[in-house]
Every structure is written in C-alpha cells, then in structure tokens.
Amino acid sequence: QVHLVESGGGLVQAGGSLRLACAVSGGTFSDLHMGWFRQAPGKEREFVAAIDRGARSTYYTESVKGRFTISRDNAEYTLYLQMSGLKPEDTAIYYCATRRQFYNTYYSIATSGYDYWGQGTQVTVSS
C-alpha cells in the first residue's frame, strides 16, 4: 500500500508563490510516475501536472504552463509542485497521485489513470 502526504498549502495573495510537497512511502518511488491534481469547490478534480518516474519528462495543463513546475527527488521519495504567479482561480485542494510504470504513457489527465492519492492540501489565493 502506497501512502502519500501533501504539505505546503496555505493562503497567498495573487501573484505570490507556494511550493507543495508530497511525501511518498510504502512503495518504490522511482518505479512510479506521479501527478498533481486539484479540486475547487463545486468542481470536478482536474489534472494539473505530471512527471515520469525518471524525472525526464513533464506535462502540464495549459492554464498552469509557465507558472507551475513539477519536480521530484527520488532519493527523498518526494514530489514537488512549485507554483508562482498564483491567481484566484488556482484556489483549490491540491492532490498528488501515483501512476504505475506499466502504463504506456507516464501521464493521464483522467483521475482513473492514477492508483493512490494523498489527502490533499488547501491552496487559497486572494485577490
């Protein structure tokens, strides 16, 4: 059983920055592709970014390109999401998730493409 714990959320003004972290345990981190999703109140959970298990490739949803950076430290079993230029519409609960290496792509924009999820961390951007 893989266990994920997000941290780093909080309240920030528009234009500010936050760095989210996702600590992973219970599996071999370097075997897992990883993704970040978010869910705003009253909306479905949506894909934000993904990274392959070797940190060679990344993929972002269009709305965060150029503002968010996904990265990972395989030695520390930790996934990161550096967010800058934050906007009120980025307000949501942010979740990290795992995607097993046997899939033919390292990312999926669907929640069904991921296996284990963290409990989420709240990000609130004030205008």
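Me: Buried means under 20% relative accessible area, exposed over 50%, partly exposed in between (1.4 Å probe, protein chains only). With that in hand, is C96 buried or exposed?

Reply: Heads-up: this is a predicted model, in which local features need pLDDT of at least 70, side-chain atom pairs count only at pLDDT 80 or more, and totals for chains, interfaces and linings use all residues. Residues are numbered from 1 along each chain as its sequence is written, and side-chain values use heavy atoms, leaving out hydrogens and water. The relative accessible area of C96 is 0%, so C96 is buried.

Me: Which residue does C96 form a disulfide with?

Reply: The count here comes to one disulfide, meaning a pair of cysteine sulfur atoms within 2.5 Å. The sulfur of C96 sits 2.1 Å from that of its partner. The partner has a relative accessible area of 0%, so this cysteine is buried. It's C22.

Me: How many residues apart in sequence are the parts that C22 and C96 tie together?

Reply: The torsion about the S-S bond of C22 and C96 is about 65°, so you'd call the disulfide right-handed. C22 belongs to strand 3 (residues 18–25) and C96 to strand 9, so the pair ties together parts whose separation in sequence is 74 residues.

Me: How many strands does the protein have?

Reply: Helices (H or I, at least four residues) and strands (E, at least two) are DSSP runs, numbered from the N terminus. The helix count is zero. Reading from the N terminus, you get β-β-β-β-β-β-β-β-β-β. So, going by those DSSP runs, the strand total is ten.

Me: Which strands are the edge strands of the open sheet of six strands?

Reply: Strands pair if DSSP finds at least two bridges between them. In this open sheet, the pairing is mixed and the strand order is 2-10-9-4-5-6. An edge strand pairs on one side only, and that fits strand 2 (10–13) and strand 6 (58–60).

Me: How many bridges join strand 4 and strand 9?

Reply: Strand 4 covers residues 32–39 and strand 9 covers residues 92–100, and the two pair in the antiparallel sense. Two spots to look for are R38, which stands opposite Y94, and F37, which stands opposite Y95. The bridges number eight.

Me: What is the bridge partner of F37 in strand 5?

Reply: Strand 4 and strand 5 (residues 46–51) run antiparallel, joined by five bridges. Their hairpin has six residues between the strands, and G42 takes a positive phi near 75° there. Over in strand 5, the partner of F37 is F47.

Me: How many of the eight residues of strand 4 are buried?

Reply: Across the protein, buried residues make up 43% of the 127 residues. Strand 4 is largely enclosed by the rest of the structure, because its buried residues number seven.

Me: What share of the contacts between residues at least 6 apart in sequence join residues at least 24 apart?

Reply: A contact means heavy atoms within 4.5 Å. For a sense of scale, the C-alpha atoms of the protein fill a box of roughly 40 × 25 × 25 Å, taken along the principal axes. Among contacts between residues at least 6 apart, the share that joins residues at least 24 apart is 59%.
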